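Trainee: Could you walk me through the ligand site in this one? I'd like a close look at just that part.

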Amino acid sequence: MTDKGSPSSGFKILPGHFPSAEQESLVAQLREILIKAPLFQPVMPRTGKPFSVRMSNCGPLGWVSDVTGYRYQATHPVTGAPWPEIPDVLLDLWHQVAPTSPLPEACLINFYEPTAKMGMHQDRDEETFDAPVVSVSLGDTATFRIGSTTRGGKTSSMRLASGDVVVMGGESRLAYHGIDRILKGTSTLLKNGGRINLTLRRVTRP
Ligand code: MD3
Ligand code: FE
């Protein structure tokens with residue numbers, strides 16, 4: 001069933017979806033992934049201004065940003081190697097929350113130092129918006145802001161804590177959103193603090 005726009009495919013937050021043992025296991029797998037695909041410092045198209053968030057990816061495609069633009073590509077921008085595979089626990093999550101959607105092709109890994117933030121933006125670099133974006137938060141709690149599908153409308157803010165999952169489907173798939181701040185010291189999951197956010201996305205038309 002293609003229920004784009006229906007409430008059942010819309011915004012969902014699953015607080016504490018991953019218990020702490022599963023968060024620990026996921027972080028251990030991410031450390032292995034980040035050895036093969038190190039965090040890189042993306043910069044804004046045209047201006048070259050660095051993001052405050054560092055990034056990497058796993059899956060067949062990864063999201064990158066450099067002076068020439070935003071895009072998905074099959075290889076790491078610094079090492080040139082293909083991205084590591086998406087961990088099974090994340091594919092299992094996708095099957096649970098987006099059972100009718102084709103498999104995710106990209107898992108963006110965002111690492112926030114306690115001072116990092118992410119400005120309001122839409123996720124619209126994909127060829128298709130039919131599948132939801134599924135996000136997993138790990139480590140320090142973040143203040144997340146979400147608005148409507150047009151810039152400058154009403155927004156609301158909520159906290160995303162370690163283990164929380166957010167599903168952005170239907171109308172919410174193209175909502176403006178960002179991270180205002182990281183609440184330093186709110187989690188002991190990451191030994192040097194900070195926050196990891198994973199976003200699973202379908203990029204191409206199936
Ligand atoms: C709302 N990441 O990588 S995740 C991003 O916490 C991104 O790192 C944030 O925005 C982070 O693009 C937010 C939650 C999220 C993800 C995708 C969305 C919210 C969304 C897509 C549409 C609307
Ligand atoms: Fe986003």
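Mentor: Sure, here is the site, from the contacts outward to the pocket.

Keep in mind that this is a predicted model, where local features need pLDDT of at least 70, side-chain atom pairs count only at pLDDT 80 or more, and totals for chains, interfaces and linings use all residues. Residues are numbered from 1 along each chain as its sequence is written, chains are lettered from A and ligands numbered from 1 in the order in which they are written, and side-chain values use heavy atoms, with hydrogens and water left out.

Around ligand 1 there are 19 residues (a heavy atom within 4 Å), with Asn-110, Tyr-112, His-177, Arg-195 and Arg-201 the closest. Take the polar contacts (N or O pairs within 3.5 Å): the side chain of Tyr-112 has an N or O atom 2.5 Å from a ligand oxygen, Arg-195 puts a polar side-chain atom 2.9 Å from one, and for Asn-110 the distance is 3.0 Å. Taken alone, ligand 1 exposes 500 Å², and the protein buries 98% of that (Shrake-Rupley, 1.4 Å probe).

As for who builds the shell, strands (DSSP E runs of at least two residues) E5 (106–112), E6 (118–121), E7 (133–139), E11 (177–182) and E12 (195–201) each supply at least two residues. E12 gives the largest share, four.

Now step back: ligand 1 takes up the space of the largest pocket, meaning more than half of its atoms lie within 2 Å of the pocket's grid points. A pocket here is an open set of points on a 1 Å grid over the protein atoms alone, where a 1.4 Å probe fits, with protein on both sides within 12 Å along at least five of seven lines; lining residues have an atom within 4 Å of a point. Its lining counts 41 residues, and Met-118, Gly-119, His-121, Asp-123 and His-177 lie nearest the centre.

Methods
A polar contact is a pair of N or O atoms within 3.5 Å; within protein, one must be able to donate a hydrogen and the other to accept it, and residues adjacent in sequence count only if both atoms are side-chain atoms.
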